[in-house]
Amino acid sequence: KTDEDELVLTPDGTREFLTFEIPLSDSGSAGLGVSVKGNRSKENHADLGIFVKSIINGGAAFKDGRLRVNDQLIAVNGESLLGKTNQDAMETLRKSMSTEGNKRGMIQLIVARRVAKRNEVVKKWNEGLN
């Protein structure tokens with residue numbers, strides 16, 4: 001599936017922003033089915049955001065197939081996670097999964113994903129040929 005609504009690059013061109021509407025209806029109790037981690041700055045221990053740590057087999061994200069490990073969660077159901085502490089961002093995520101997401105049967109995520117540099121893509125492609 002490659003029906004991302006829009007593609008927006010960060011000013012430095014290193015990350016792209018993607019919007020996903022992920023249906024929750026047939027995932028049952030697995031919900032979105034992702035585990036997340038909060039990253040922190042090594043220098044000043046500032047919170048750097050919430051990232052996808054793993055995608056659980058059978059969950060909605062796994063079935064949808066577009067979310068990837070290391071994607072940064074920017075917003076969930078229209079509520080921004082930017083500028084929040086990791087703890088607050090996790091709480092926002094948890095609430096939207098349990099109430100709003102389940103009511104609509106759909107969860108909307110905006111994620112930032114690192115853009116592979118052209119030579120990395122070529123290198124991976126070449127490795128696949130060997």
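Start with the whole chain in view: five salt bridges are present in this structure, where a salt bridge is a side-chain nitrogen of Lys or Arg within 4 Å of a carboxyl oxygen of Asp or Glu. The model is predicted, so local features need pLDDT of at least 70 and side-chain atom pairs count only at pLDDT 80 or more, while totals for chains, interfaces and linings use all residues. Residues are numbered from 1 along each chain as its sequence is written, and side-chain values use heavy atoms, with hydrogens and water left out.

**Stop 1: the S3–S4 hairpin**

Select residues 34–40 and 47–55, which are strands S3 and S4. Strands (E, at least two residues) and helices (H or I, at least four) are DSSP runs, numbered from the N terminus. S3 and S4 pair in the antiparallel sense over seven bridges; pairing requires that DSSP finds at least two bridges between two strands. Pick Val36 and you will find Val52 of S4 opposite.

Now add Asp47 and Arg40, whose side chains form a salt bridge with an N to O distance of 2.9 Å. Asp47 is partly exposed at 26% relative accessibility, and Arg40 is exposed at 54%. Here buried means under 20% relative accessible area, exposed over 50%, and partly exposed in between (1.4 Å probe, protein chains only).

Next, click on His45. What is its phi, given that His45 is not a glycine? The value is positive, about 60 degrees. Most residues other than glycine have a negative phi. His45 belongs to the hairpin of S3 and S4, which has six residues between the strands, and it counts as exposed because its relative accessibility is 55%.

**Stop 2: Asn70**

Move to the loop between helix H1 (60–64) and strand S5 (72–76), where Asn70 sits. Asn70 also has a positive phi, about 80 degrees, without being a glycine. With a relative accessible area of 48%, Asn70 is partly exposed.

**Stop 3: Glu79**

Glu79 is in strand S6 (residues 79–80). Beyond its neighbours within four places in sequence, Glu79 contacts Ile74, Lys84 and Thr92, contact meaning heavy atoms within 4.5 Å. With Lys84, Glu79 makes a salt bridge whose closest N and O atoms are 3.2 Å apart. Glu79 is partly exposed at 40%, and Lys84 is partly exposed at 28%. For a distance label, try the C-alpha atoms of Glu79 and Ala89: they are separated by 9.7 Å.

**Stop 4: helix H2**

Finally, select residues 86–98, helix H2, which holds Glu91 and Arg94 three residues apart, about one turn of the helix. Their side chains meet in a salt bridge (3.1 Å, N to O).
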